[in-house]
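Here are a few exercises to work through with the model open beside you. Try each task before you read its solution.

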Amino acid sequence: MIKWISLFCAFVLLPCHAELVVKDATLRLLPPGVPNSSAYFALENTGDIAEIIISAAVSTDIARSVEIHKHVMDDDGMHMERQNELTIAAGQSIQFVPGGLHLMVFGLKKPLVEGQSVNFNLSTKAGLQVSFDAIVVRP
Ligand SMILES: [Cu+2]
């Protein structure tokens with residue numbers, strides 16, 4: 001009985017509820033020979049604490065690396081800047097969109113196919129792993 005109660009408490013009294021949800025993820029289909037692509041989606045923090053995304057990856061060996069990028073405008077015009085950290089507050093939604101935040105996929109090892117599903121993983125500073133599938137679509 002005591003064992004059962006402590007197990008029950010372990011589930012109910014988890015300190016904080018941490019959860020990130022990814023919706024409508026797509027990966028851009030580009031002409032054959034283009035080595036890089038980018039992924040777009042909506043990221044929502046449905047938990048009650050802020051999370052800090054520190055890295056992104058593809059689960060299968062289809063690309064060399066993945067980085068979190070943001071388009072920024074400065075004196076030299078528009079360019080992309082790598083984001084080492086991305087903070088998402090509790091309850092906040094962040095849109096990864098063309099011309100804004102995106103996941104940059106470098107060094108595709110073979111051409112993407114329209115409709116193909118590619119599994120990505122986001123890691124947070126607190127150790128949360130968020131896995132999601134992006135569908136390859138024509139831009
Ligand atoms: Cu980029």
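**Exercise 1: From one bridge to a set of strands**

In strand E8, Ala 63 has Leu 108 as its bridge partner. Starting there, work out which strands pair with E4 and in what sense they run.

Before the solution, some ground rules. Residue numbers start from 1 along each chain, following the sequence as written. The model is predicted, so local features need pLDDT of at least 70 and side-chain atom pairs count only at pLDDT 80 or more, while totals for chains, interfaces and linings use all residues.

Solution.
- Step 1: get the vocabulary straight. Strands (E, at least two residues) and helices (H or I, at least four) are DSSP runs numbered from the N terminus. Two strands pair if DSSP finds at least two bridges between them.
- Step 2: take E8. E4 and E8 run antiparallel and are joined by seven bridges.
- Step 3: take E5 (residues 77–82). E4 and E5 are also antiparallel, with six bridges. Met 73 is bridged to Met 78 in E5, and His 71 to Met 80.
- Step 4: look at the turn. Two residues sit between E4 and E5 in their hairpin.
- Step 5: check burial in E5. A residue is buried if 20 or more other C-beta atoms lie within 10 Å of its own, exposed if 12 or fewer, and partly exposed in between, with C-beta atoms placed from the backbone. E5 lies largely in the open because zero of its six residues are buried.

**Exercise 2: The whole chain**

Describe the order of elements in the protein chain, then say how far you'd trust the model.

Solution.
- Step 1: count. The protein chain has one helix and 10 strands, and from the N terminus the order is α-β-β-β-β-β-β-β-β-β-β.
- Step 2: look at burial and contacts. Of the 139 residues, 19% count as buried. Two residues are in contact if their C-beta atoms, placed from the backbone, lie within 7 Å. Among contacts between residues at least 6 apart in sequence, 69% join residues at least 24 apart.
- Step 3: check confidence. pLDDT is the predictor's confidence in each residue, from 0 to 100. Its mean over the protein chain is 90, and 88% of the residues reach 70 or more.
- Step 4: find the weak spot. Over residues 5–10 pLDDT stays under 50, and the model has zero contacts beyond four places in sequence for them. Where pLDDT is low, the predicted coordinates should not be read in detail.

**Exercise 3: Into the core**

Which residues have the most contacts inside the largest nonpolar core, and is Val 58 buried or exposed?

Solution.
- Step 1: define it. A nonpolar core is a set of buried Ala, Val, Leu, Ile, Met, Phe, Trp, Tyr and Cys residues joined through C-beta atoms within 7 Å.
- Step 2: list the hubs. The largest core has 20 residues, and Ala 39, Phe 41, Leu 103, Val 105, Phe 120 and Ala 134 have the most contacts inside it. Two or more residues come from each of E1 (20–28), E2 (37–45), E3, E4 (63–74), E8 (101–108) and E9 (117–124). E2 gives the largest share, four residues.
- Step 3: zoom in on Val 58, in strand E3 (residues 51–58). Val 58 counts as buried because 21 other C-beta atoms lie within 10 Å.
- Step 4: hop to Phe 120. The C-alpha atoms of Val 58 and Phe 120 are 4.4 Å apart, though the residues are 62 apart in sequence. Beyond four places in sequence, the contacts of Phe 120 include Ala 39, Leu 103 and Ala 134.

**Exercise 4: Around E10**

Which strands pair with E10 (residues 129–137), and in which sense?

Solution.
- Step 1: take E1. E1 and E10 pair in the parallel sense over three bridges, with Thr 26 bridged to Ile 135.
- Step 2: take E9. E9 and E10 run antiparallel, joined by seven bridges, and Asn 119 stands opposite Asp 133.
- Step 3: look for positive phi. Gly 127 has a phi near 95 degrees in the hairpin of E9 and E10, which has four residues between the strands. Asp 24, a residue other than glycine, has a positive phi near 50 degrees.
- Step 4: place Asp 24. This residue lies in strand E1 and is exposed, because it has 12 other C-beta atoms within 10 Å.
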